[in-house]
Amino acid sequence: IPSAACIESARRKRHLARTQADYLPLDVSNGHQVSRRRESSDESEDGSDMKNLSFAPKMRTFRERMAEHMVSVSDESSEDEAQMKWEEQQIKKAVKLSQEIYSDASLCKSQPAKPKFDTSVSLPPVSLEIVKKRLTERITSLQDVHCAHQREYEKYMQDIESSKMTVEELEKNSDAALNYKFYRGMKTYVENLINCLNEKLKYINELELAAHALLQQQAMAVLKRRQDELKIESAYIQHLTTGKDKPTNGGLEGDEKMEILKTCEQRRTCRRQVREQSQKADHHEGMSSDDELTPTEVTEFQESKDNILEDSRKIFEDVHADFCDIRKILLKFQEWKEKFPDSYCDAYVSFCLPKLLNPLIRVQLINWNPLESSTDLAEMPWFRAVEEFSNAENSTESKRDDDPDQEVLPRVIEKTVLPKIAAFVQNVWDPLSTSQTENLVQLCRNIFEKQVPSKSEGRKAKEDLIKEVVLRMKKSIEEDVFIPLYPKSTVEDKSSPGSKFQERRFWSAVKYACSVFSSIQLLSNILLWNGIVQEDMVRDLGLSKLLNRYLLLNLLNTPSGPDNIEKCTKVVACLPERWFEDLGNGSILPELVNFCQHLLQCARVLHKNNQSDETKEVILLLVKVKALHIVEDFIEEYKLEHLKSIIGK
């Protein structure tokens, strides 16, 4: 328990603390009253303290203790809030005071002392020119600034106009959701189409290779049979010309080879009977291609072909028509082109369509043989569909003069059809077959002249085709052309087997020469201007390798007469007339010099035998090959003035 002295000491300390406050009262007169109030308050507080002084704490309930704890927590939080408010007020006061002091100092600095004008200092002289110059400079600078502002203004106006146009276009094309839906659907359709074609491409390649291998096998079988028969017959005739009726042990033996000769003769007899019934003129023994097949071979070939075609029809049987019908596929892209022509052109669809349609077109071409007189390309469904798409009128406002879709059909033919024709030429085409050669020539004529305009993009495809044609002809000349040489006594006897065999081989070579010249002439006429076919190569193939190496030897061994003239006339008829158009007066093709000398020798023999009509025929042949100098010398030598009209003199 504190004593009375301790209580008095604590009271004095509290009183001193109150009197020594850290502030001064504004009203000094009221100081005594304030002090008296403070003293009275202290006394009252002391009295209250004495009254409320308790020496032992009372027992409190749990509720009282909880309430006291809550009150103490709230008192502490309120004291903290008051403390923070007081600190903020003090900081604001200090900041405001510092700003006032700074503003007063800056105001004093911003008001410098007024300078005093010194009359003793002289100003520089000012003239009218100086003033005018300064004004001009000022005007110029202002004009520059004005021009810059004018340019900015024009730019802003252009931006405003462009923005207005963009807003108008966006307002017109307010159906952005529909456009997005269309593009999304088109993207999905193209992806599904590509996936479908990739899935079927393996089966298409297998069937295409099977069909091509079947035709190649048939062509190789015919070629091998022809070469074997030629070897057997040549050996047999050689034994006959040596004076032996039957071959020795080293010659032909066995019934098998004799059966081959009988079969060959039977086919020859059947062809002769057919020609007699059709009354076909201008035909000689040996000009037939001899490519007939036996009934068994025809049946086996047709069965294999039918199986391949049946499999080809099953390729797309599980595919919807929208993904395998070329016409419906092109209608999808046609719709895109009509609705959004700009995005259609920007996507280069016309360059992608040939590759996209390639598998579908190849399926339809599995049964197509360009060497047979079958369905024409223009009559095929895919050709008509692509042609209609390429020639479709674009009715949109943004129609372009150079419509890229016009090149879809030419690109399809260059990427799909020409490579297929080149493969047939390389592996299936028989140059000795007149029908195959005529069909090939006609097909190339239709493609190059009518359906596909000559474009620089298709140069490589055409080059490859012509290269395959030339290589195939060279190979055929080396392997198939054969003309035997027999003694003159054997050749003059027209009924002898040797003479007949030699005649057949000669006319076979003549027929082949006509095939070579007709096909090469057509292709060179079409493609020569584009630099694809070289004249030297063509002349070397037809003249050097065929005429001078084979035909001319037989002509030299044939006596001068109607037979020789007929052969020479047929040879000259095969030569392209274009080769002689650009020759100068008296110039002769180097490859025809030996042939012209043979014709001159024949004319001399015929003139000596007083065969004027035959002589005139030979002179006409020399005129056709432009051997005018030889004709003039012959007329001068034998004084045949009546023949000068032939050469235009």
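Where is the place of Lys639? Lys639 sits in the segment after α21. We'll come back to that residue, but let's start with the whole chain. One thing to keep in mind throughout: this is a predicted model.

## The overall picture

The chain has 21 helices and zero strands. It runs to 649 residues, and 35% of them count as buried. Take the contacts in the chain with a separation of 6 or more: residues 24 or more positions apart account for 75% of them. As for the outside, the accessible surface of the chain is about 41700 Å², and 54% of that belongs to carbon and sulfur atoms.

## Inside: two nonpolar cores

In soluble globular proteins, nonpolar side chains tend to be buried together. Here, the largest nonpolar core holds 73 residues. Within that core, the residues with the most contacts are Leu377, Trp382 and Ile421. Which helix gives the most to this core? That's α5, with 12 residues. Another core lies apart from this one and has 35 residues, including Val571, Cys596, Leu600 and Ile635.

## Two helices up close

Helix α18 covers residues 562-574, which makes 13 residues. From its first C-alpha to its last, α18 reaches 19 Å, close to the 18 Å expected at 1.5 Å a residue. Among the buried residues of α18 are Ile565, Cys568, Val571, Val572 and Cys574. Val571 also turned up above, as one of the residues in the core of 35. The buried set in α18 includes Asn564, Lys567 and Lys570 too.

Helix α14 takes in residues 459-480, with 22 residues in the helix. How far apart are its end C-alpha atoms? They are 31 Å apart, which agrees with the 32 Å that α14 should span at 1.5 Å a residue. Buried residues in α14 include Leu465, Ile466, Val469, Val470, Met473 and Ile477. Charged names appear on that buried list as well, among them Lys462, Glu468, Arg472 and Asp480.

## Salt bridges that reach along the chain

How many salt bridges does a search of the whole structure find? The search turns up 12. Here are some of them, with the distance between the closest N and O atoms.

| Acidic residue | Basic residue | N to O distance |
|---|---|---|
| Asp318 | Lys200 | 3.0 Å |
| Glu208 | Lys420 | 3.9 Å |
| Glu388 | Arg327 | 2.6 Å |

Let's begin with the salt bridge between Asp318 and Lys200. Asp318 is in the loop between α7 (295-313) and α8 (326-339), while Lys200 is in helix α5 (residues 176-241), so this pair ties together parts that are 118 residues apart in sequence. The two partners sit in contrasting surroundings: Asp318 counts as exposed, at 58% relative accessibility, whereas Lys200 is buried, with a relative accessible area of 10%.

Next comes the salt bridge between Glu208 and Lys420. Glu208 belongs to helix α5 and Lys420 to helix α12 (residues 408-427), so the pair ties together parts that are 212 residues apart in sequence. Lys420 is buried, at 12% relative accessible area.

Then there's the salt bridge of Glu388 with Arg327. This pair links distant parts of the chain, with Glu388 in helix α11 (residues 381-390) and Arg327 in helix α8, 61 residues apart. Both are partly exposed: Glu388 has a relative accessible area of 46%, and Arg327 has 34%.

Elsewhere, Glu8, Arg11 and Arg12 are linked in a network of salt bridges.

## Out on the surface

Which residues form a nonpolar patch on the surface? Val126, Val131 and Leu135 do, and together they have about 280 Å² of accessible area. Val126 is found in the loop between α3 (62-110) and α4 (128-172). With a relative accessible area of 66%, Val126 is exposed.

## Two lysines with a positive phi

Most residues other than glycine have a negative phi. Lys626 is not a glycine, yet its phi is positive, at about 65°. Lys626 lies in the loop between α20 (612-624) and α21 (628-638), and it is partly exposed, at 35% relative accessibility.

That brings us back to Lys639, in the segment after α21. Lys639 also has a positive phi, of about 55°, although it is not a glycine. Is Lys639 buried or exposed? Lys639 is exposed, with a relative accessible area of 61%.

Note on methods: Residues are numbered from 1 along each chain as its sequence is written. This is a predicted model: local features need pLDDT of at least 70, side-chain atom pairs count only at pLDDT 80 or more; totals for chains, interfaces and linings use all residues. Side-chain values use heavy atoms; hydrogens and water are left out. A salt bridge is a side-chain nitrogen of Lys or Arg within 4 Å of a carboxyl oxygen of Asp or Glu. Helices (H or I, at least four residues) and strands (E, at least two) are DSSP runs, numbered from the N terminus. Buried means under 20% relative accessible area, exposed over 50%, partly exposed in between (1.4 Å probe, protein chains only). The expected span of a helix is 1.5 Å times one less than its number of residues. A nonpolar core is a set of buried Ala, Val, Leu, Ile, Met, Phe, Trp, Tyr and Cys residues joined through side-chain atoms within 4.5 Å. Contact means heavy atoms within 4.5 Å. Accessible areas come from the Shrake-Rupley method with a 1.4 Å probe; for residues, only the protein chains shown count as cover. Patches are made of residues with over 30% relative accessible area and no salt bridge: like charges are joined within 9 Å, nonpolar side chains (Val, Leu, Ile, Met, Phe, Trp, Tyr) within 5 Å.
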